[in-house]
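Q: Please take a close look at one part of this structure. I would like to see how one helix packs against others, and then how that part sits among the sheets and the annotated domains.

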Amino acid sequence: MVVERSSPTAVIDGRARARALLLQVAFDVTRLAGLGIRCGLGTVLVGSDYAAEAYARRLGRAAAAVGIEHRHHHLPQSTTREEVLELVVTLGADPTVSGILVLRPLPPHLDEGEIFTALDPVKDIEAVHPENAGLLALGTPRFVPSTPASVFHLLDAWLDDVGIEGEAFYGASTICVVGRSNNVGKPVTTLAAERGAVVVSCDENASRTGRLAQYTRLGDVLVVAAGVPGLVGVEHVQPGAVVLDVGINPVRDPRTGRIRLVGDVDPAVAGVARATTPVPGGVGPVTDVWLVQNTVLAAETAAKHR
């Protein structure tokens with residue numbers, strides 16, 4: 001269901017949406033504090049990664065803004081499997097920590113699946129534990145992962161802003177998801193199907209074989225989360241589509257040496273799309289707040305089961 005363009009491409013402002021969401025989270029933190037329920041966020045990063053380090057800093061600022069204690073554990077690249085597992089178990093047993101996030105990527109010597117399985121499922125706010133991933137796939141999530149949730153939060157809000165009824169839109173639309181990661185691509189595909197859309201899933205392999213446009217141009221909505229700068233260009237987008245760019249790729253400017261963040265979508269796509277999310281300032285800011293919101297949800301859920 002492509003919506004014909006009658007005006008310049010709309011920029012979906014993630015920062016504005018994040019500010020509104022942050023106010024609601026702050027209210028919930030205050031409400032829980034009045035009931036004697038504390039919220040705490042524990043994050044774990046092993047090794048050095050520019051994007052992950054930036055993400056941890058943003059989470060710290062978001063947590064501080066709503067009165068949540070944030071404890072970040074930045075471990076060296078050489079940290080052993082046993083040491084990481086011990087920290088994850090310790091955070092799981094800590095009553096002052098309601099939500100735990102293990103940041104990607106992990107060093108090659110660590111088994112991501114093993115680390116995630118060691119998380120306490122009720123504190124696994126990104127739904128990476130097998131139990132939570134299964135609940136999400138079954139349509140009964142304990143937590144909705146922050147980035148996929150943010151994609152649809154922004155899309156739903158934009159539809160509301162332009163006066164398009166969401167259920168009818170999804171039921172008549174094809175959503176193409178570029179990227180099949182466990183943390184973004186696959187959950188976005190699940191959430192899109194739950195909304196009644198026809199879903200097309202592909203990844204950068206389709207680009208290598210020259211077939212990417214064959215799939216992406218089917219999309220009334222295009223969600224791009226492949227982690228490849230500029231993967232999707234004008235030729236991949238049907239006119240009037242809504243394009244949500246999840247990519248956050250650090251790229252060094254050859255002239256200045258400074259690092260800047262770019263998306264998976266060529267900015268020129270704005271010339272044909274009905275609406276797009278910018279990078280930075282699109283999906284990312286909402287993701288930060290959603291992760292903090294899941295921390296609050298975890299604290300409230302745990303308190304109900306004490």
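A: What follows starts with one helix and its two helix partners, then turns to the strands and the annotated spans.

The model is a predicted one. The helix chosen is H11, which covers residues 283–304.

One partner of H11 is helix H1, residues 14–34. The axes of H1 and H11 are 9 Å apart, and the two helices pack at an angle of about 15°. That angle makes H1 roughly parallel to H11, because angles under 35 degrees count as roughly parallel. The crossing of H1 and H11 is left-handed. On the H1 side, the contact is made by Gly14, Arg15, Arg17, Ala18, Leu21, Leu22, Val25, Asp28, Val29, Arg31 and Leu32. On the H11 side, Pro285, Val286, Val289, Trp290, Val292, Gln293, Val296 and Glu300 take part. Sorted by class, the residues of the contact of H1 with H11 are 12 nonpolar, two polar and five charged.

Another partner of H11 is helix H2, residues 50–66. The axes of H2 and H11 come within 9 Å and cross at roughly 60°. That makes H2 oblique to H11. H2 passes H11 in a right-handed crossing. H2 brings Tyr55, Arg58, Leu59, Ala62, Ala63 and Val66 to this contact, while H11 brings Thr287, Asp288, Leu291 and Val292. By class, the contact of H2 with H11 has seven nonpolar, one polar and two charged residues. Val292 of H11 is listed in the contact with H2, and Val292 is also listed in the contact with H1.

Now the annotated spans. In an unreviewed entry, UniProt lists residues 12–126 as "domain: Tetrahydrofolate dehydrogenase/cyclohydrolase catalytic". The span 12–126 is 50% helix and 16% strand, and its end C-alpha atoms lie 24 Å apart. Also in an unreviewed entry, UniProt gives residues 145–301 as "domain: Tetrahydrofolate dehydrogenase/cyclohydrolase NAD(P)-binding". For residues 145–301 the end C-alpha atoms lie 16 Å apart, with 39% of the span in helix and 18% in strand.

Next come the sheets. Strands of a sheet pair through backbone hydrogen bonds, either parallel or antiparallel. One open sheet has three strands in the order S3-S2-S4, with parallel pairing. Its edge strands are S3 (69–75) and S4 (99–102), and each of them pairs on one side only. Neighbouring strands of this sheet are turned by 15° against each other on average, direction ignored. Strand S2, residues 40–46, pairs with S4 over four bridges in the parallel sense. Glycine 42 stands opposite isoleucine 100 in S4.

Another open sheet has six strands in the order S1-S11-S8-S7-S5-S6, and its pairing is parallel. Strand S1 (10–11) and strand S6 (198–202) stand at the edges with a single partner strand each, so one side of each is left without a neighbour in the sheet. S6 is joined to strand S5, residues 174–178, by five bridges, and the two run parallel. The bridge partner of valine 177 is serine 201 in S6.

A further strand pair is antiparallel: four bridges join S9 (residues 249–252) to S10 (residues 259–262). Proline 250 has leucine 261 in S10 as its bridge partner. S9 and S10 form a hairpin with six residues between them, and glycine 257 in the turn has a positive phi of about 80°.

Methods. Residues are numbered from 1 along each chain as its sequence is written. This is a predicted model: local features need pLDDT of at least 70, side-chain atom pairs count only at pLDDT 80 or more; totals for chains, interfaces and linings use all residues. Side-chain values use heavy atoms; hydrogens and water are left out. UniProt positions are given in the numbering used here, feature names are shortened, and annotations may be inferred rather than shown by experiment. Axes are lines fitted to C-alpha atoms, for helices over the stretch in contact, and angles run from 0 to 180 degrees between N-to-C directions. Angles under 35 degrees count as roughly parallel, over 145 as roughly antiparallel, 65 to 115 as roughly perpendicular and the rest as oblique. A crossing is left-handed if the near helix is turned anticlockwise from the far one by less than a right angle, and right-handed if clockwise. Contact means heavy atoms within 4.5 Å. Ala, Val, Leu, Ile, Met, Phe, Trp, Tyr, Cys and Pro count as nonpolar, Asp, Glu, Lys and Arg as charged, and the others, Gly among them, as polar. Two strands pair if DSSP finds at least two bridges between them.
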